[in-house]
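Please look through the sequence and the model below before reading on. The paragraphs that follow begin with a single residue and then widen the view.

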Amino acid sequence: MRGELNGLQSLILRDSKAAYYVHCFAHQLQLVIVATMRKHKGVSNFLNMISILLNVVGGSAKRRDMIRDINYEQGQKALGCGQLETGTGLNQEQCLQRPGDTRWSSHYKTLKSLVNMFPTIVEVLKVVEKDDRDWKNRDQASNLLVYFQSFDFVFYLHLLLTTLTATNTLSLALQRKDQDIVNAIGCVHSTRLHLHDLRRDGWDKLLDEVNEFCDLHEIDRVEMESTYIDPRQPRKKSGITNKHHYAVDCFNDIIDWLVQELDNRFSETTSQLLVCSAAFNPRESFQAFNGENLMSLAKLYPDDFSNDDLRDLSHQLRLYIADVRADDRFSNINTIGELSQKMVETGKYRLYPLVYRLLKLVLVLPVATATVERCFSSMKIVKTSLSNRMGDEHLSHRLICYIEKEEMKKVSNEAVVHRFMTMEGKGRKYDL
């Protein structure tokens with residue numbers, strides 16, 4: 001789709017240089033995280049070990065019950081010693097969620113649960129290593145126990161938690177249904193600045209968290225000023241210290257790759273398109289109107305606006321905003337689509353043809369959001385191989401029920417029964 005030579009995007013841009021498309025920001029952020037994680041060998045190995053852990057620990061109901069029982073016993077001991085805080089919403093049952101490349105924030109939730117449940121996970125692995133009948137599970141549990149007692153595991157765990165925490169707020173903001181375009185782009189820029197600050201000032205704090213975790217769980221620390229020994233080539237001198245390896249080759253590299261991927265996927269053109277398009281927002285008496293942004297948007301479409309058109313558009317925008325703000329018929333409009341319809345109904349599209357032309361370009365700009373991505377994911381779940389002959393209307397109804405779960409929860413069973421009873425129909429075997 002995005003190939004530089006023969007991808008669909010390139011083929012379309014050959015015919016029209018102004019055929020812009022705004023990919024789902026939430027999906028792009030996830031691609032940034034996944035691409036960065038897989039570049040670094042140490043991080044990639046860490047994620048592979050986490051995947052093996054989920055297969056071993058969460059691979060059977062018996063082990064999941066074991067996790068629940070151990071958590072309960074530890075909670076009772078802490079409660080008896082007065083070390084456990086009680087209250088509404090506290091001490092909820094925890095589990096390890098399997099992360100996925102297409103499930104936003106899943107890696108963050110998995111690693112956060114791993115930190116909280118680390119002693120429990122170790123106890124379960126010891127039981128599997130000792131008592132499991134399958135030799136593969138015993139070997140995997142033994143290898144995981146060795147890896148979990150290493151400094152590398154603790155370092156990469158907290159490194160990924162630190163970087164994912166920095167991007168998690170942005171991820172949640174981009175998935176909101178009532179997402180504000182300008183605020184979302186501002187959040188992207190603030191995340192980039194936060195990553196720069198983290199690279200400059202975050203190393204000492206990260207190292208303190210790693211050492212604290214090592215002391216708490218009796219894991220050997222690594223002396224940062226000592227010579228780094230590559231575990232794959234232990235006899236070969238590396239020529240660098242442990243601090244250089246972990247601070248420069250790991251910490252700095254991963255944050256640099258994150259910033260680079262953010263710059264590549266959240267381009268200036270895409271951000272400018274969305275910010276400038278938001279200037280047409282008619283809410284609250286056109287409070288978001290910005291003539292300069294709309295002029296910048298028009299300059300992105302040179303085939304539709306010549307230099308003479310741009311001069312005329314500047315004057316039309318001033319007249320247009322004064323006119324619509326004074327017209328009561330435009331007072332209760334909330335979307336750009338409603339604005340275009342109202343301009344046609346009132347005939348103002350003839351008075352301001354260049355403004356209306358720019359408005360139409362904004363309306364046809366393809367913008368994918370997290371809501372659209374969820375709809376496609378829902379369709380895979382609803383339309384399965386066992387129900388692949390349903391008509392479009394039936395499929396649409398089932399998708400609405402699945403996607404709009406919060407709204408469907410408001411519908412009571414009595415309302416459904418009453419609706420079914422009042423439906424016209426003949427030939428029923430029984431009366432309700």
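Leaving aside its neighbours within four places in sequence, which residues is Asn252 in contact with? In this predicted model, the contacts of Asn252 beyond those neighbours are with Arg199 and Ala247. Asn252 has its place in helix 11, and because its relative accessible area is 15%, under the 20% below which a residue is called buried, Asn252 counts as buried.

Helix 11, which runs over residues 242–265, also holds Leu262. With a relative accessibility of 1%, Leu262 counts as buried. When residues up to four places away in sequence are not counted, Leu262 touches Leu29, Val32, Arg192 and Leu195. For one of these partners the separation along the chain can be set beside the separation in space: Leu262 and Leu29 are 233 residues apart in sequence, while their C-alpha atoms are 7.5 Å apart. For the protein as a whole, 66% of the contacts between residues at least 6 apart in sequence join residues that are at least 24 apart.

The wider setting is a protein with 22 helices and 0 strands, in which 38% of the 432 residues count as buried. Its accessible surface comes to about 26600 Å², and carbon and sulfur atoms account for 50% of that area.

In soluble globular proteins, nonpolar side chains tend to be buried together. Here the largest nonpolar core has 67 residues, and those with the most contacts inside it are Phe46, Ile121, Leu125, Phe148, Phe153, Phe155 and Trp203. Helix 8, residues 151–174, gives the largest share of this core, with 13 residues. Apart from this core lies another one of 37 residues, which includes Leu313, Ile321, Met343 and Leu365. To return to Phe46, its contacts, once neighbours within four places in sequence are left aside, are Leu111, Tyr147, Phe153, Tyr156, Leu157 and Leu160.

A last step leads to a pair of helices. The axes of helix 6, residues 118–131, and helix 7, residues 135–148, come within 8 Å and cross at roughly 145°, and this crossing is left-handed. On the side of helix 6, the residues that take part in the contact are Phe118, Ile121, Val122, Leu125, Lys126, Val128 and Glu129, and they meet Asn137, Arg138, Ala141, Ser142, Leu144, Leu145 and Phe148 in helix 7. By kind, the residues of this contact divide into 9 nonpolar, 2 polar and 3 charged.

Conventions:
Residues numbered from 1 in each chain as written. Predicted model: local features only at pLDDT ≥ 70, side-chain atom pairs only at ≥ 80, totals over all residues. Heavy atoms only, no water. Helix = DSSP H or I, 4+ residues; strand = E, 2+ residues; numbered from the N terminus. Buried < 20%, exposed > 50% of the residue type's maximum accessible area, 1.4 Å probe, protein only. Contact = heavy atoms within 4.5 Å. Areas by Shrake-Rupley, 256 points an atom, 1.4 Å probe, with all protein chains shown as cover. Core = buried A, V, L, I, M, F, W, Y, C linked by side-chain atoms within 4.5 Å. Axes fitted to C-alpha atoms, helices over the stretch in contact; angles between N-to-C directions. Left-handed = near helix turned anticlockwise from the far one by under 90°. Nonpolar A, V, L, I, M, F, W, Y, C, P; charged D, E, K, R; others polar.
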